[in-house]
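Welcome, and please load the model in your viewer with side chains switched on. We will go from stop to stop, selecting a few residues at a time.

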Amino acid sequence: MTLTKKHPHPDRRQEIYYRIMKRVDIRDCGYRVNGIVSPCHVWTGPTSGEGRGGGYGRISINSQTCATHIVMATHYFGYIPSNKQVDHKCHNRLCCNPEHLELVSQKENCRRRDKARKEGS
């Protein structure tokens with residue numbers, strides 16, 4: 001006889017996904033993939049504030065504050081290894097469109113950030 005452990009809340013992932021999507025505004029923020037518009041899913045809820053490290057979407061899950069882009073990346077890509085970061089390819093910190101998120105090393109994330117800053121100035 002094979003015993004399987006059932007998850008106590010099988011629909012929890014979908015519930016969290018819908019909570020996020022209810023507070024997202026899907027709009028063109030200028031990001032393109034192969035020349036085609038790829039709209040950002042802009043979080044309209046609470047953020048991490050201003051200043052260094054600020055400007056990211058935040059959501060409370062089980063009384064724990066989490067970054068919305070990381071929650072969405074985990075939903076779509078699964079476990080995020082400790083040596084990876086979730087990069088916004090669109091450079092919009094409030095975006096949680098999984099097509100705009102990519103798991104990269106810290107070094108690559110910094111390289112992309114620096115390149116975007118240089119191109120923007």
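What follows is a short tour of this predicted model, with something to select at each stop.

**Stop 1: a strand hairpin**

Select residues 58-61, which make up strand 5. Its side chains alternate: Arg-58 and Ser-60 point to one face and are not buried, while Ile-59 and Ile-61 point to the other face and are buried. In a regular strand, side chains alternate between the two faces of the sheet.

Now add residues 64-67, strand 6, which runs antiparallel to strand 5 and is joined to it by 4 bridges. Look across from Ile-61 and you will find Gln-64 standing opposite. The two strands form a hairpin with 2 residues between them, and Asn-62 in the turn has a positive phi of about 50°.

**Stop 2: the cysteines**

Next, select Cys-96. How far is its sulfur from the closest cysteine sulfur? The distance is 6.3 Å, to Cys-95, and a disulfide needs the sulfur atoms within 2.5 Å, so this pair is too far apart for a bond. Cys-96 is buried, with a relative accessible area of 0%. The structure holds 0 disulfides. Cys-110 is likewise in no disulfide, the nearest cysteine sulfur being that of Cys-90, 17 Å away. Is Cys-110 buried or partly exposed? At 25% relative accessibility, Cys-110 counts as partly exposed.

**Stop 3: the largest pocket**

Select Tyr-56, Asp-87, Arg-93, Asn-109 and Arg-113; of the 23 residues lining the largest pocket, these lie nearest its centre. The volume of this pocket is about 720 Å³. Helix 2 (68-77), strand 7 (85-88) and helix 3 (106-120) are the elements that give two or more residues to the lining. Helix 3 gives the most, with 7 residues. By residue class, the lining divides into 7 nonpolar, 8 polar and 8 charged.

**Stop 4: salt bridges**

Keep Asp-87 selected and add Arg-112: they form a salt bridge, with the closest N and O atoms 2.8 Å apart. This pair links distant parts of the chain, from Asp-87 in strand 7 to Arg-112 in helix 3, 25 residues apart. Asp-87 is buried, at 5% relative accessible area.

Then add Glu-108, which forms a salt bridge with Arg-112 at 2.9 Å between the closest N and O atoms. Arg-112 and Glu-108 are 4 residues apart in helix 3, so about one helical turn separates them. To finish, select Asp-87, Glu-102, Glu-108, Arg-111 and Arg-112 together, which are linked in a network of salt bridges.

Definitions and conventions. Residues are numbered from 1 along each chain as its sequence is written. This is a predicted model: local features need pLDDT of at least 70, side-chain atom pairs count only at pLDDT 80 or more; totals for chains, interfaces and linings use all residues. Side-chain values use heavy atoms; hydrogens and water are left out. Buried means under 20% relative accessible area, exposed over 50%, partly exposed in between (1.4 Å probe, protein chains only). Two strands pair if DSSP finds at least two bridges between them. On a 1 Å grid over the protein atoms alone, a cavity is a set of points where a 1.4 Å probe fits but cannot get out, and a pocket is an open set with protein on both sides within 12 Å along at least five of seven lines; lining residues have an atom within 4 Å of a point. Grid points are joined across faces, edges and corners, and a volume is the space filled by probe spheres set on the points. Ala, Val, Leu, Ile, Met, Phe, Trp, Tyr, Cys and Pro count as nonpolar, Asp, Glu, Lys and Arg as charged, and the others, Gly among them, as polar. A salt bridge is a side-chain nitrogen of Lys or Arg within 4 Å of a carboxyl oxygen of Asp or Glu.
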